[in-house]
Amino acid sequence: MCGIVGYIGPKPAGSILIEGLKRLEYRGYDSSGVCIYDNGELFIDKCPGRISVLEEKLAGDPRIETGTIGIAHTRWATHGEPNQANAHPHTDDSGRIAIVHNGIIENYSALKQFLTSKGHVFSSETDSEVLAKLISEFYNNGSSTLEDAVLAALGEVSGTYGLAVMCADEPDKIVVARKGSPLIIGVGKDEYLIASDASAIIEHTANVIYLNDNELAILTRDGLRTLTLDNVPVTKKIQQVEWTLEQIALDGYDHFMLKEIFEQPDSIRMSLSGRLDMRDMRIQLGGLDQVVRDLVRTRKIVLLGCGTAWHAGLIGEYLFEDLARIPTEVEYASEFRYRNPIVEEGTSVIALSQSGETADTLAALRESQDRGALTLGIVNAVGSTIARETDAGVYLHAGPEIGVASTKAFTCQLVVETLIALMLGRRRHMSQQTLERYIEELQKIPEKIETVLKQSEQIRDMTAKYIDYENWLFLGRGYNYPIALEGALKLKEISYIHAEGLPAAEMKHGPIALIHDGMPVVFIAPKCGTYEKILGNIQEVKARSGQVIAIATEGDTEVHKHSDHVIYVPDTLEALQPLLTVIPLQLLAYHAAVLRGCNVDKPRNLAKSVTVE
Ligand code: AGP
C-alpha cells in the first residue's frame with residue numbers, strides 16, 4: 001500500500017505535493033519522490049526514507065516553486081527494497097514519461113522481458129517501472145495521445161493499480177487510472193488534485209470524484225474527462241468529503257488495529273496475488289527460486305520468531321510436518337540465540353518477522369547462518385535487515401501495520417507459510433489433486449473472513465459481559481492450539497487482562513484448578529480430527545462453573561449445548577482453520593480494550609518493533 005498525490009492548477013505544485021505526501025505517510029513511508037513539469041522538462045527527485053528527507057532534499061530548488069503541475073509518491077515497498085532506484089516516480093528511457101503507482105503488477109516479469117527485448121533499459125527492481133516503459137512503447141509507436149498510450153498499456157497489464165502519468169510532450173495533462181487500488185480526484189477552483197485518499201486533498205477542496213475500478217481520467221487545465229478502460233466515456237458525480245483528516249487515515253475506523261482487522265480479506269488477497277497460478281494450478285514463489293532445490297531436500301526446518309511471529313511459527317510447524325512432511329521445530333528467537341543450538345547439516349531456518357528488525361530474531365538468524373543453515377525470511381517490511389540478511393524469502397505484502405498489536409501481518413504469515421508448505425509438499429509427496437483442493441480453498445478464505453467480521457458487534461456485546469474478569473483462559477487443539485496462545489496474547493497486550501493460552505488437554509494437568517465461578521474460558525473448537533476431545537474439555541470446564549465462549553464451525557449443532565456463547569466461523573480445511581478462528585479473538589481483544597478505555601493502537605509498555613533485546 002503506497003500513497004500517490006498529484007496537482008494541476010495555478011499554484012506552485014511542489015509544496016502541495018509534499019504536504020499531500022505527509023498526510024499519506026501512514027500508507028507507506030520507506031521512500032518517496034516527486035515529478036514536476038518545469039521549463040520543457042520533467043524534474044524528478046526521489047530518495048529513501050521519510051517524507052522529511054525528500055523535503056530537505058528539495059528545499060531551495062526553484063523548480064518546486066515554479067512548476068504548477070506534478071505527481072508524487074510515498075512508498076511501501078513490495079518489489080525491490082527501499083532505495084533511490086526503486087523509489088517512484090519511474091520514467092521511460094527518455095525521461096519524458098513519468099509514472100507513480102500504488103498496487104502490484106502481477107505479470108511484470110513477462111512484460112519486463114518483452115520490453116527489454118524491445119531495447120528498453122530498466123534501472124529498478126520494481127514491478128511498477130514496466131508501466132513507464134510500456135506506456136512509452138505505445139506512445140512512440142502509434143498512440144496519438146498520452147491517454148491512448150495509457151489505455152493500450154493497461155490492456156496488457158494484469159494486477160492492481162492506482163496510477164498517475166505525466167509526459168513532457170503534453171505538459172498540461174495528468175492521466176490517472178484505477179483498478180483495485182483507491183484513487184480520487186479533488187475538484188477545486190481552476191485546479192485538480194489526485195490522491196490515494198481524501199486526506200491529501202481536503203485541505204484544498206471537499207469536492208471529490210471517486211474513480212471506480214477500470215476507470216481512467218484525463219486532467220488538464222481546461223477540464224476533466226473520464227473513461228472506462230475500454231475507452232467509453234463515463235459521467236462522474238462530484239461528492240462531498242465529510243471526514244476529518246484523522247478519520248480518513250483511519251478510513252472511518254476508530255483505531256488502526258480495527259482497520260487492520262477489517263483489512264485482512266484484502267491483505268490476504270494481496271499476499272496470494274501473483275502466487276497462485278490458476279492456469280496450471282500451482283504455487284509460484286519467485287523469492288525462493290534460487291534456493292528451492294535445497295529447500296525441497298532440506299532435512300529439517302527451524303522456525304524462529306518472537307511474540308505473535310512465534311505463534312505463526314507454531315502453526316508453521318503443523319503445516320510443514322502435515323503438508324510437506326518435513327521435520328520442523330519452532331524456537332523463541334531470544335532463547336535460540338543463547339542456547340548454543342545444534343544446527344545439523346541440511347537445516348533450513350525460517351525467520352518470521354513483521355518488521356524485519358526485531359533484535360532477538362535477527363541475532364538468532366545470524367547465529368543460524370554462522371552454523372551453516374540455509375536461511376529464509378518471511379517478512380512484511382521490504383528491505384528490512386532480516387529481509388536483506390537472509391539467503392532468500394517471501395514478503396507478506398500485508399501493507400504497513402500501524403497498530404502495535406499484530407493482526408493482518410499474522411494472518412498473512414500463516415498464508416505464506418501455507419504457500420511454502422504446499423509448494424514443498426507438492427515437490428515431495430503431495431498429489432496434484434490435493435494441492436488443487438488447497439489452492440481453491442485458499443482463494444475462498446478472504447470471503448469467509450468477511451462473514452466472520454460481520455459478527456464484530458455481537459462479539460463486542462458478548463465481551464462486555466466479561467471485561468471485569470482479570471483472568472481468562474484460551475484453549476485449543478492441533479492447528480488451533482497456537483491460536484489459543486495468540487488470542488491470549490492479543491487480550492494481554494491491549495486490554496491488560498491476564499490471559500493464558502494452553503493446549504486444551506493440558507487443563508487436567510493443573511490449570512483446571514484455576515476454574516471458578518464465572519471465569520471466562522475461550523475454546524477454539526471448530527470441526528476437526530480432535531473435535532470430540534475438545535467437546536469433552538468444554539464439559540470439564542462447564543462442570544466447574546466456568547463461562548464457556550466457543551469458536552465453532554457453522555452448522556455445528558452440538559457445541560452450543562455446552563457453551564454460554566458460540567461464535568461461528570465458516571468451515572474450511574483443517575490446516576486453514578487458524579485463518580478464520582483467530583479473527584473473533586482479535587475482535588474480542590479489541591473490544592475488551594476499548595470497553596476498558598485502553599489506548600488500543602499504542603498500548604502501554606509496548607513498541608511496534610522491538611529492536612533492543
Ligand atoms: C504482537 O502483537 C506484538 N506486537 C509482538 O509480539 C510482535 O509480534 C513481536 O514483537 C515480533 O515482532 P516482529 O514480527 O516485527 O518481529
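**Exercise 1.** How far is an oxygen atom of the ligand from an N or O atom in the side chain of serine 355? Extend the answer to other side chains around the ligand.

*Solution.* Bear in mind at the start that the model is predicted. Begin with serine 355, where an N or O atom of the side chain and an oxygen atom of the ligand are 2.6 Å apart. Next, turn to threonine 358, whose side chain has an N or O atom 2.5 Å from an oxygen atom of the ligand. Then take glutamate 493, which places a polar side-chain atom 2.6 Å from a ligand oxygen atom. On its own the ligand has 410 Å² of accessible area, and the protein covers 91% of it.

**Exercise 2.** Describe the surroundings of the ligand, going from its pocket to the residues of the shell.

*Solution.* First, locate the ligand, which sits in the second largest pocket. Second, look at the 14 residues around the ligand, of which Ser353, Gln354, Ser355, Thr358 and Glu493 come nearest. Third, sort the shell by residue type, which gives 5 nonpolar, 7 polar and 2 charged residues. Finally, ask about the helices: H11 (307-323) and H18 (481-495) each supply at least two residues of the shell, and H11 gives the most, with 3 residues.

**Exercise 3.** Decide whether threonine 411 is buried or exposed, and find a side chain that its own side chain contacts.

*Solution.* Start by placing threonine 411 in helix H15, which spans residues 408-428. Threonine 411 has a relative accessible area of 0%, and because buried means under 20%, this residue is buried. Lastly, its side chain makes a polar contact, at 2.8 Å, with the side chain of glutamine 264.

Methods:
Residues are numbered from 1 along each chain as its sequence is written. This is a predicted model: local features need pLDDT of at least 70, side-chain atom pairs count only at pLDDT 80 or more; totals for chains, interfaces and linings use all residues. Side-chain values use heavy atoms; hydrogens and water are left out. A residue is near a molecule or strand if one of its heavy atoms lies within 4 Å of it. A polar contact is a pair of N or O atoms within 3.5 Å; within protein, one must be able to donate a hydrogen and the other to accept it, and residues adjacent in sequence count only if both atoms are side-chain atoms. Accessible areas come from the Shrake-Rupley method with a 1.4 Å probe; for residues, only the protein chains shown count as cover. On a 1 Å grid over the protein atoms alone, a cavity is a set of points where a 1.4 Å probe fits but cannot get out, and a pocket is an open set with protein on both sides within 12 Å along at least five of seven lines; lining residues have an atom within 4 Å of a point. A molecule sits in a cavity or pocket if more than half of its atoms lie within 2 Å of its grid points. Helices (H or I, at least four residues) and strands (E, at least two) are DSSP runs, numbered from the N terminus. Ala, Val, Leu, Ile, Met, Phe, Trp, Tyr, Cys and Pro count as nonpolar, Asp, Glu, Lys and Arg as charged, and the others, Gly among them, as polar. Buried means under 20% relative accessible area, exposed over 50%, partly exposed in between (1.4 Å probe, protein chains only).
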